[in-house]
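The exercises below ask the reader to work through a model step by step, from pairing of strands to packing and surface. Each task is followed by a worked solution.

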Amino acid sequence: MTADPKRAVTHDGDIVRIDGKPLRMEFMVRDAFWAGGQAVVLLDPDAFLDEPGGARKAPRDPVHNLRAYAPSGEMIWEAEQPEFLDHYYLIESRDPLVALSFSAYRCDLDLASGRILSKKKLK
């Protein structure tokens, strides 16, 4: 499956634009692109771990920072994480969707559901 040239997904700061329509995220956006008939958004994994003054803390609840949105802006799915408090930091491939996690997993993800199809520990 290839990207739809008629669909445009861009990002700047915490704003994702799907076909020009802005959608504000609760964290900064690291990557956003069109794949599998939806806008796939990777939120900055560092944004929800930093406190003012640079102190690091674990979130109270896990933050699912890889998500897919319909052209209308409605969230379709949040990606399954390889470990409970893990998060994704890099998209290695857009289609098929492959993401790298903070806990050193390489995850092949289902573009239709965000579920992990396979995962491999890299260290």
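**Exercise 1. Determine how E6 and E7 are joined, and place them in their sheet.**

Solution. In this predicted model, E6 and E7 run antiparallel and are joined by three bridges. One residue pair can be picked out by name: alanine 68 has tryptophan 77 as its bridge partner in E7. Stepping outward, the open sheet that holds these strands has four members in the order E4-E5-E6-E7, with antiparallel pairing. E4 and strand E7 (75-78) are at the edges, and because each has a single partner strand, one side of each is left without a neighbour in the sheet. On average, and with direction ignored, neighbouring strands of this sheet are turned by 20° against each other.

**Exercise 2. Describe the sheet that contains E1, and work out how E1 is connected to E2.**

Solution. Begin with the sheet, which is open, has three strands in the order E1-E2-E3, and is paired in antiparallel fashion. Its edge strands are strand E1 (9-12) and strand E3 (21-24), each of which pairs on one side only. The average turn between neighbouring strands of this sheet is 25°, direction ignored. Next, consider the contact between E1 and strand E2 (residues 15-18): the two run antiparallel and are joined by four bridges. Among the pairs, valine 9 is matched with isoleucine 18 in E2, while aspartate 12 has isoleucine 15 as its bridge partner there. Finally, the connection itself is a hairpin with two residues between the strands, and glycine 13 in the turn has a positive phi of about 65°.

**Exercise 3. Summarise the secondary structure and burial of the chain, then identify the nonpolar cores.**

Solution. The count for the chain is zero helices and 11 strands, and 42% of its 123 residues count as buried. As general background, nonpolar side chains tend to be buried together in soluble globular proteins. Here the largest nonpolar core has 17 residues, and those with the most contacts inside it are Val40, Leu66, Tyr88, Ile91, Leu97 and Leu109. At least two residues of this core come from each of strand E4 (29-35), strand E5 (38-43), strand E6 (66-69), strand E8 (88-93), E9 and E10. The strand that gives the most to this core is E10, with three residues. There is also a second, separate core of 12 residues, which includes Val16, Val29, Ala32 and Val41.

**Exercise 4. Decide whether phenylalanine 102 and leucine 117 are buried or exposed, and describe their surroundings.**

Solution. The cut-off needed here is that a residue counts as exposed when its relative accessible area is over 50%. Phenylalanine 102, with a relative accessible area of 57%, is therefore exposed. This residue lies in the loop between strand E9 (97-101) and strand E10 (105-109). Together with Tyr89 and Leu90, Phe102 forms a nonpolar patch on the surface, and the three have about 310 Å² of accessible area together.

The argument for leucine 117 follows from its relative accessible area of 61%, so leucine 117 is likewise exposed. Its location is strand E11 (residues 116-121). As a last step, take the distance to valine 98: the C-alpha atoms of leucine 117 and valine 98 are separated by 9.8 Å, with the two residues 19 apart along the chain.

Notes: Residues numbered from 1 in each chain as written. Predicted model: local features only at pLDDT ≥ 70, side-chain atom pairs only at ≥ 80, totals over all residues. Heavy atoms only, no water. Patch = residues over 30% accessible without salt bridge, like charges linked within 9 Å, V, L, I, M, F, W, Y side chains within 5 Å. Areas by Shrake-Rupley, 256 points an atom, 1.4 Å probe, with all protein chains shown as cover. Salt bridge = Lys/Arg side-chain N within 4 Å of Asp/Glu carboxyl O. Buried < 20%, exposed > 50% of the residue type's maximum accessible area, 1.4 Å probe, protein only. Pairing = 2+ DSSP bridges. Axes fitted to C-alpha atoms, helices over the stretch in contact; angles between N-to-C directions. Core = buried A, V, L, I, M, F, W, Y, C linked by side-chain atoms within 4.5 Å.
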